[in-house]
Amino acid sequence: QVQLVESGGGLVQAGGSLRLSCAASGRMFRINDMGWYRQAPGEQRELVATVTSGGTTTYVDSVKGRFVITRDGAKNTVYLQMNSLKPEDTAVYYCNAYIHLNKYVSQDYWGQGTQVTVSS
């Protein structure tokens, strides 16, 4: 049973920093892209950042220059370093990974979500 377990959310003042972690566990053949999404109250879930297995990253415009996504292949873990946080970054953050269970079966997996609250 593959699971994504997130940690690192919390309450921080505007201008502060937080680091989110997401570890994939279980029997896996390979992990392709990993990423972070967020969903604020009353809003749709949006993509924040992604990183490929080769290390190529993409970011939504609103976090460019403030957030950094990285991954540790040996630990099957993806991180999101969030700096210069703003109140509008407040949301539940979800980890996502596209995982191959074997040569023939692959699917998207999601973490349970971690709350990030930025106070003004």
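**Exercise 1. Surface and burial.** State how much accessible surface the protein chain of this predicted model has, and what share belongs to carbon and sulfur atoms.

*Solution.* The accessible surface of the protein chain is about 6500 Å², and carbon and sulfur atoms account for 47% of that area. Turning from area to residues, one takes as buried those under 20% relative accessible area, and by this criterion 37% of the 120 residues are buried.

**Exercise 2. Overall dimensions.** Determine why the radius of gyration of the protein chain agrees with that of a compact globule.

*Solution.* Begin with the expectation, which for a compact globule of 120 residues is a radius of gyration near 14 Å; the protein chain has 14 Å, and therefore the two agree. Next, consider the extent along the principal axes, where the C-alpha atoms fill a box of roughly 50 × 25 × 25 Å.

**Exercise 3. Strands and core.** Describe the secondary structure, and then identify which strands supply the largest nonpolar core.

*Solution.* The protein chain contains 11 strands and zero helices. As for contacts between residues at least 6 apart in sequence, 55% join residues at least 24 apart. The largest nonpolar core has 28 residues, among which W36, L80, M82 and Y93 touch the most other members. At least two residues of this core come from each of strand 3 (18-25), strand 4 (30-39), strand 5 (46-51), strand 7 (67-72), strand 8 (77-82), strand 9 (91-100) and strand 11 (114-119), and strand 9 gives the most, with five residues.

**Exercise 4. Charge distribution.** Give the separation between the mean positions of the positive and negative charges.

*Solution.* Counting 11 positive and 9 negative charges in the protein chain, one finds their mean positions 9 Å apart.

Technical notes
Residues are numbered from 1 along each chain as its sequence is written. This is a predicted model: local features need pLDDT of at least 70, side-chain atom pairs count only at pLDDT 80 or more; totals for chains, interfaces and linings use all residues. Side-chain values use heavy atoms; hydrogens and water are left out. Helices (H or I, at least four residues) and strands (E, at least two) are DSSP runs, numbered from the N terminus. The radius of gyration is taken over C-alpha atoms; the globule rule is 2.2 Å times the number of residues to the power 0.38. Buried means under 20% relative accessible area, exposed over 50%, partly exposed in between (1.4 Å probe, protein chains only). Contact means heavy atoms within 4.5 Å. Accessible areas come from the Shrake-Rupley method with a 1.4 Å probe; for residues, only the protein chains shown count as cover. Lys and Arg count as positive and Asp and Glu as negative; His and the chain ends are not counted. The place of a charge is taken as NZ of Lys, CZ of Arg, CG of Asp or CD of Glu. A nonpolar core is a set of buried Ala, Val, Leu, Ile, Met, Phe, Trp, Tyr and Cys residues joined through side-chain atoms within 4.5 Å.
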